Amino acid sequence: MKKHLVEPGKKIKLSERDPQDIGDFKGGKEEGLKAISKLNEKLQELQELLYAEGRHKVLVVLQAMDTGGKDGAIRRVFDGVNPQGVKVASFKVPTGEELAHDFLWRIHKQTPASGEIVIFNRSHYEDVLVVRVHGYVDKNVWSKRYEQINAFERILAENGTTILKFFLHISKDEQKERLQARLDDPTKHWKFSLGDLDERKLWGDYQAAYEDVLNKTSSTHAPWYIVPANRKWYRDLVISKILVETLENLNMKYPEPKDDLSGIVIE
Ligand code: AMP
Ligand code: MG
């Protein structure tokens, strides 16, 4: 999985990352789904432990082009995980009140408390993506935000937050197929917005903006992973595996009981 990490300080080119890649995984989809299911069981145990221990905070950031699979990944990776202690925060077009504050104001409020996992479905990175591509603020404003984001994430990390950031990388052709599938299925129409077609025309600008994000904001305490996401099962496998390995490395323990429980008899 290290293969998908954006090593801090190294420059990546998105065009050299294959959205179709399945890394070193030898099995196909069937094996992949089995592996995801095993990882999911582990994730459920680790989340329970995280909640019980109440010490660590975990933030998972998901970013992608439209139809990149953020919703699907959340559904599959966190399937069956106890909703107590896990939250999803989705960031939409900012409200007037949000716009009247600095761009991190609405974000900071949603960060995880001790014992919690919070998944960001879109995030503060929109403020150097859609905002940059559309020029909603001047360049001298958005160009300072990479450093501001790094500083913000350092504050979170130094205060006990483990941060993982995933860019779900799909190809332009794959997006076409997924948009078409949404058009063809009336139960998916609610997900289709005409605006998605305008955004699609800006594909190249978005890829450039993503490349800057990945190159400027991957750090040891808040690393980016580029997840090949054309194949949904491989996308979910990568996220599950990195999440489980990261939680295992926290070496969490169930807390000691507050009272001496030895010799207690329940009548
Ligand atoms: P969806 O995730 O499909 O529900 O769409 C949410 C929309 O909100 C996307 O088009 C995002 O680009 C947009 N959005 C999220 N954050 C911001 C932001 N900070 N500024 C402008 N638009 C945003
Ligand atoms: Mg959308």
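User: What is the volume of the second largest pocket in this predicted model?

Analyst: In this predicted model, the second largest pocket fills about 280 Å³. Its lining is made of 14 residues, with Leu 164, Tyr 225, Glu 245, Thr 246 and Asn 249 closest to the centre.

User: Which elements each supply at least two residues of the lining of the second largest pocket?

Analyst: Strand E4 (161–169) and H11 each do so. Sorted by class, the lining of the second largest pocket holds seven nonpolar, five polar and two charged residues.

User: What is the volume of the largest pocket, and which residues lie nearest its centre?

Analyst: The volume of the largest pocket is about 1,500 Å³. Its lining counts 49 residues, and nearest the centre are Asp 66, Lys 70, Lys 92, Arg 122 and Asp 196. Several helices contribute two or more lining residues, among them H3 (96–99), H4 (105–108) and H9 (194–201). Helix H2 gives the most, with five residues. By class, this lining has 17 nonpolar, 10 polar and 22 charged residues.

User: Where does ligand 1 sit, and what makes that wording apt?

Analyst: Ligand 1 sits in the largest pocket. The wording requires that more than half of a molecule's atoms lie within 2 Å of the grid points of the pocket; ligand 1 is therefore assigned to the largest pocket on that criterion.

User: Why is the pairing of Lys 92 with ligand 1 called a polar contact?

Analyst: An N or O atom in the Lys 92 side chain is 2.5 Å from an oxygen atom of ligand 1. The cut-off for a pair of N or O atoms is 3.5 Å, so this pair qualifies as a polar contact.

User: How do you know that Arg 106 and Arg 122 make polar contacts with ligand 1?

Analyst: For Arg 106, a polar side-chain atom lies 3.2 Å from a nitrogen atom of ligand 1. For Arg 122, an N or O atom of the side chain is 2.6 Å from an oxygen atom of the ligand. Both pairs are within 3.5 Å, and therefore both count as polar contacts. Taken alone, ligand 1 exposes 500 Å², of which the protein buries 73%.

User: Which residues surround ligand 1, and how do they divide by class?

Analyst: Around ligand 1 are Phe 91, Lys 92, Val 93, Pro 94, Arg 106, Arg 122, Glu 126, Asp 127, Val 130 and Val 131. This shell comprises five nonpolar, no polar and five charged residues.

Terms used:
Residues are numbered from 1 along each chain as its sequence is written. Chains are lettered from A and ligands numbered from 1 in the order in which they are written. This is a predicted model: local features need pLDDT of at least 70, side-chain atom pairs count only at pLDDT 80 or more; totals for chains, interfaces and linings use all residues. Side-chain values use heavy atoms; hydrogens and water are left out. A residue is near a molecule or strand if one of its heavy atoms lies within 4 Å of it. A polar contact is a pair of N or O atoms within 3.5 Å; within protein, one must be able to donate a hydrogen and the other to accept it, and residues adjacent in sequence count only if both atoms are side-chain atoms. Accessible areas come from the Shrake-Rupley method with a 1.4 Å probe; for residues, only the protein chains shown count as cover. On a 1 Å grid over the protein atoms alone, a cavity is a set of points where a 1.4 Å probe fits but cannot get out, and a pocket is an open set with protein on both sides within 12 Å along at least five of seven lines; lining residues have an atom within 4 Å of a point. Ala, Val, Leu, Ile, Met, Phe, Trp, Tyr, Cys and Pro count as nonpolar, Asp, Glu, Lys and Arg as charged, and the others, Gly among them, as polar. Grid points are joined across faces, edges and corners, and a volume is the space filled by probe spheres set on the points. Helices (H or I, at least four residues) and strands (E, at least two) are DSSP runs, numbered from the N terminus.
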